[in-house]
Amino acid sequence: ACEELKNVKFLTISSSLKPYSRPGVSQSRIEGALKEKLLKTGFDLTEHSGGGVDYCGDMYTEVHRYAAIAATLAENEQFDVIHAHDWMTYPAGMAVAKMSGKPLIIHVHSTEFDRSGPNVNQMIYDIERAGMHTADKIIAVSYFTRSIIINKYGVSGDKVEVVHNGVERNGNANRNLTSSGIEKDEKIVLFLGRITMQKGPEYFLQAAKRVLDVIENVKFVMAGSGDMMHRAIELAAELGIGNKVLFTGFLRGEDVNKIYKMADLFVMPSVSEPFGLVPLEALDNDVPVIISKQSGVSEVLTHALKVDFWDIDEMANKIIAVLKYPPLGMTLRNYGNFEVRKLRWKDSAEKCARIYEESMVAV
């Protein structure tokens with residue numbers, strides 16, 4: 001085990017959530033026993049699942065099966081605080097809190113409004129709202145997210161604290177274009193993330209069209225995958241810039257580092273971004289950034305260009321400015337990199353620890 005994790009104990013539950021299977025005992029019988037045990041504590045699994053948890057194989061069933069198993073495991077553990085992250089673990093957190101009487105802290109990294117806009121999945125929203133109102137304290141990753149929690153979920157502001165994310169420091173390597181199909185004299189503008197409504201890929205492409213009307217030697221790289229992938233490819237073709245946009249698909253590990261080294265500019269046009277770690281990673285790799293004002297990371301970055309996600313003309317103007325005026329890019333890169341060094345996970349962890357201590361005193 002890593003030295004940093006010497007005081008951490010992991011209890012692993014398999015993806016099928018069948019850790020107690022044994023010959024001659026059906027899984028349904030085990031699950032029934034778990035649900036019955038939870039009901040005795042006063043926590044009803046069906047209360048937050050739209051009326052039932054017996055529709056086989058879907059995400060909601062798995063979430064509530066996890067809650068039942070987590071509560072059973074917690075019976076034999078000593079702990080002071082329960083910390084649950086995002087909606088899939090809220091039922092588990094609520095069940096354990098009901099059973100143990102220990103304070104529940106939920107950590108909101110994203111809400112259903114971020115993922116789906118106004119067309120929320122009602123069941124997910126109900127689980128999120130129940131978790132937020134049950135929790136003793138809520139940690140939001142930004143003031144942007146805190147505002148959504150208060151205004152969309154009806155939570156009292158004194159219950160919600162903000163702990164911004166940090167970033168790990170990475171070593172910087174030399175740029176290597178390799179066999180990417182990008183010419184050495186071409187500038188590279190990078191979109192890195194899920195290609196979904198939340199991330200604003202269509203605004204990126206529309207801004208790209210306006211940039212290419214002014215500067216020709218630019219390639220726009222969209223690194224990622226998602227449910228809008230095919231639509232983004234079609235849109236690039238419709239805009240007549242298909243030969244100037246590269247779709248890499250999902251990247252991981254060293255490929256991500258390589259794409260950062262190639263980029264001259266990173267753009268995050270997110271429609272609703274609770275925080276947004278990717279701009280920090282970009283700056284850590286000496287890439288200047290343009291970010292949407294509708295993001296939590298805009299609260300902690302001073303030396304980044306900011307734009308409303310829908311303002312494609314202003315987005316294009318800022319992209320052109322960075323590409324045409326090297327001193328601007330250098331300033332954003334150097335000062336932004338300095339800012340990132342101050343955003344440490346250690347500081348975020350210390351703030352979470354303080355919230356733990358306050359919750360334990362309050363209960």
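1. Methionine 88 touches Met59, Val63 and Tyr66, leaving aside residues up to four places away in sequence. This is a predicted model, so read each contact as part of a prediction. Methionine 88 sits in the loop between β1 (82-85) and α3. Its relative accessible area is 39%, so methionine 88 is partly exposed. Look also at tyrosine 60. Its C-alpha atom and that of methionine 88 are separated by 8.2 Å, although the two residues are 28 apart along the chain.

2. Aspartate 86 shares that loop between β1 and α3. Is aspartate 86 buried or exposed? Aspartate 86 is buried, with a relative accessible area of 17%. The cut-off for buried is under 20%. The backbone deserves a check here. Most residues other than glycine have a negative phi. Aspartate 86 is not a glycine, yet its phi is positive, at about 60 degrees.

3. Aspartate 286 also has a positive phi without being a glycine; the value is near 65 degrees. Find aspartate 286 in the loop between α10 and β9. Its relative accessible area is 32%, and aspartate 286 is partly exposed.

4. Next comes a helix pair. Helix α2 (residues 59-74) packs against helix α3 (residues 90-100) at an angle of about 35 degrees. Their axes are 8 Å apart. The crossing of α2 past α3 is right-handed. Which residues of α2 and α3 make the contact? From α2 come Val63, His64, Tyr66, Ala67, Ala70, Ala71 and Ala74. From α3 come Pro91, Ala92, Ala95, Val96 and Met99. By class, the contact holds eleven nonpolar residues, one polar residue and no charged residues. Val63 and Tyr66 of α2 serve in this contact, and methionine 88 touches both of them.

5. Now the aromatic rings. How many aromatic pairs does a search of the whole structure find? The search finds six. One of them joins phenylalanine 191 and phenylalanine 204. Their ring centres are 5.4 Å apart, the planes make an angle of 55 degrees, and the pair is tilted. Phenylalanine 191 lies in strand β5 (residues 187-192) and phenylalanine 204 in helix α7 (residues 201-212), so the pair ties together parts that are 13 residues apart in sequence. Phenylalanine 191 is buried at 3% relative accessibility. Phenylalanine 204 is buried at 0%.

6. Phenylalanine 204 also pairs with phenylalanine 220. This pair is edge-to-face, with 5.7 Å from centre to centre and 80 degrees between the planes. Why does the pair tie together parts that are 16 residues apart in sequence? Phenylalanine 204 lies in helix α7, while phenylalanine 220 lies in strand β6 (residues 218-223). Phenylalanine 220 counts as buried, at 0% relative accessibility. Elsewhere, ring pairs link Phe113, Tyr125 and Tyr153 into a cluster.

7. Glutamate 273 belongs to the loop between β8 (265-268) and α10 (278-284). Glutamate 273 is buried, with a relative accessible area of 7%. What does glutamate 273 touch, not counting residues up to four places away in sequence? The list is Phe144, Gln198, Lys199, Met268, Gln294, Ser295 and Gly296.

8. Histidine 303 is in the loop between β9 (289-292) and β10 (305-307). Histidine 303 counts as partly exposed, at 27% relative accessibility. Beyond its neighbours within four places in sequence, histidine 303 is in contact with Leu332, Tyr335, Gly336 and Glu339. Take glutamate 339 as an example. Histidine 303 and glutamate 339 are 36 residues apart in sequence, but 7.8 Å apart in space, C-alpha to C-alpha.

9. Helix α11 (residues 312-324) has 13 residues. Its span from the first C-alpha to the last is 18 Å, close to the 18 Å expected at 1.5 Å a residue. Its buried residues are Ile312, Met315, Ala316, Lys318, Ile319, Ile320, Val322 and Leu323. Note that a lysine, Lys318, is among them.

10. Last, the whole chain. The secondary structure comes to 13 helices and ten strands. Of the 363 residues in the chain, 50% are buried. Consider contacts between residues at least 6 apart in sequence: 67% of them join residues at least 24 apart.

Terms used. Residues are numbered from 1 along each chain as its sequence is written. This is a predicted model: local features need pLDDT of at least 70, side-chain atom pairs count only at pLDDT 80 or more; totals for chains, interfaces and linings use all residues. Side-chain values use heavy atoms; hydrogens and water are left out. Rings of Phe, Tyr and Trp (its six-membered ring) pair if their centres lie within 6.5 Å; planes under 30 degrees apart count as stacked, over 60 as edge-to-face and the rest as tilted. Helices (H or I, at least four residues) and strands (E, at least two) are DSSP runs, numbered from the N terminus. Buried means under 20% relative accessible area, exposed over 50%, partly exposed in between (1.4 Å probe, protein chains only). Axes are lines fitted to C-alpha atoms, for helices over the stretch in contact, and angles run from 0 to 180 degrees between N-to-C directions. A crossing is left-handed if the near helix is turned anticlockwise from the far one by less than a right angle, and right-handed if clockwise. Contact means heavy atoms within 4.5 Å. Ala, Val, Leu, Ile, Met, Phe, Trp, Tyr, Cys and Pro count as nonpolar, Asp, Glu, Lys and Arg as charged, and the others, Gly among them, as polar. The expected span of a helix is 1.5 Å times one less than its number of residues.
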